[in-house]
Amino acid sequence: MPKSGMAVLLLLPVLAAGADLELPFEFLHKQIVLQVEFNGSGPYNFVVDTGTHASTIDLGLAKRLRIPLAAVRSEGRGAGGSRVFGSAAVLEDLRAGELRVARLPVVALDLSAISEQLGRPLGGVLGHNFLASRITQIDYFRRRIRLLADSPHKDAASRADSATRTSFPMQFRSNSVLPVLEDFYVNEKKLTVTLDTGSSLGLILFPRTIRQLGLDELARSGIPMEAAGYRGKAKLTKGWVRSVVLKSIDLGAIEVAYVRRGYEDDEDPARRGGNLGNAVLQDFILTLDYQNGVVVLESTAN
């Protein structure tokens, strides 16, 4: 799922002290899908996405439910080559399992292209303004999201780097909300990548990084594929790289997606070389501790 650049008021819901919640999710086409109710209606399919600024609701659904939309529209960012505009709105009494949020600001966008790729109607996306006040743990193997009142990685030993676990500071670049990992290596060459739970792909390499790594021919000869984003379709090819190391964790040779057009075409490799999505993250328990500024990845692969 690409980023949305919509500007909205961030009213961040916070868990009560001592309260931990666990939400089951469906891992549909490598997207984290929660069942969400709001405004007395639902449930609807919502994707959990660390890579989008604002949470969103499908424009058609917002209109059917007669949710008031702001008159002024803002232009969004993300994958695809078209321009997209959205209107700010608020979801009242949002519920996911035992979690309840009184008012969640969202942006109403046409999500039909993403729904088509998902294979079922998409009600919306829970983005940064839903996650940013929380300690969120995504257990891909057990299909559970845990919203924690306290960090499970307070002591240094619980987040120490090893062959199956790594941690790093939760840092961001420019106006991005994607957590940045600087100690990442492709074919022994260091890159900066971001973690994106809204991406169903694995490692995505951007055009300028592909050229810098000398992978142009592999990208040209890869299997053509498309990815749907807020701004339509992006063109990619699927291939392999022989070596990927995620800080202290050696992933070996893995499948990658080479961006050909429509997604971060001009991204400076010195700033960000690629994106790491669910096809790789699914082998880990991912803890996103926004309260204390730490990301922890623990491998569950045998």
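Two strands are counted as paired if DSSP finds at least two bridges between them. This criterion is applied here to a predicted model.

The chain contains six helices and 21 strands. Of its 302 residues, 55% are buried. Among contacts with a separation of 6 or more, 68% are accounted for by residues 24 or more positions apart. The accessible surface of the chain comes to about 12,900 Å², and carbon and sulfur atoms contribute 49% of this area.

Six of the strands form an open sheet in the order β1-β11-β10-β20-β21-β12, and the pairing is antiparallel. The edges of this sheet are β1 (21-24) and β12 (165-169), each of which pairs on one side only. On average, neighbouring strands of the sheet are turned by 15° against each other, with direction ignored. In general, the strands of a sheet pair through backbone hydrogen bonds, in either a parallel or an antiparallel manner.

Strand β10, which spans residues 135-139, lies between β11 and β20 in the strand order. The strand is mostly covered, with five of its five residues buried. Its side chains fall into two groups by direction: I135, Q137 and D139 point one way from β10, while T136 and I138 point the other way. Residues of both groups are buried.

On one side, β10 is joined by five bridges to β11 (residues 144-148), and the two strands run antiparallel. Within this pair, Q137 stands opposite R146 of β11. The two strands form a hairpin with four residues between them, and in this hairpin R143 takes a positive phi near 60°.

The pairing of β10 with β20 (residues 284-289) also comprises five bridges, and these strands too run antiparallel. Here D139 of β10 stands opposite I285 in β20. D139 is thus placed in the β10-β20 pair and belongs to the group of β10 residues that point the way of I135 and Q137.

Further along the strand order, β20 is followed by β21 and then by the edge strand β12. Strand β21 covers residues 294-299 and pairs with β12 in the antiparallel sense over five bridges. In this pair, S167 stands opposite V296 of β21.

Methods:
Residues are numbered from 1 along each chain as its sequence is written. This is a predicted model: local features need pLDDT of at least 70, side-chain atom pairs count only at pLDDT 80 or more; totals for chains, interfaces and linings use all residues. Side-chain values use heavy atoms; hydrogens and water are left out. Buried means under 20% relative accessible area, exposed over 50%, partly exposed in between (1.4 Å probe, protein chains only). Contact means heavy atoms within 4.5 Å. Accessible areas come from the Shrake-Rupley method with a 1.4 Å probe; for residues, only the protein chains shown count as cover. Axes are lines fitted to C-alpha atoms, for helices over the stretch in contact, and angles run from 0 to 180 degrees between N-to-C directions.
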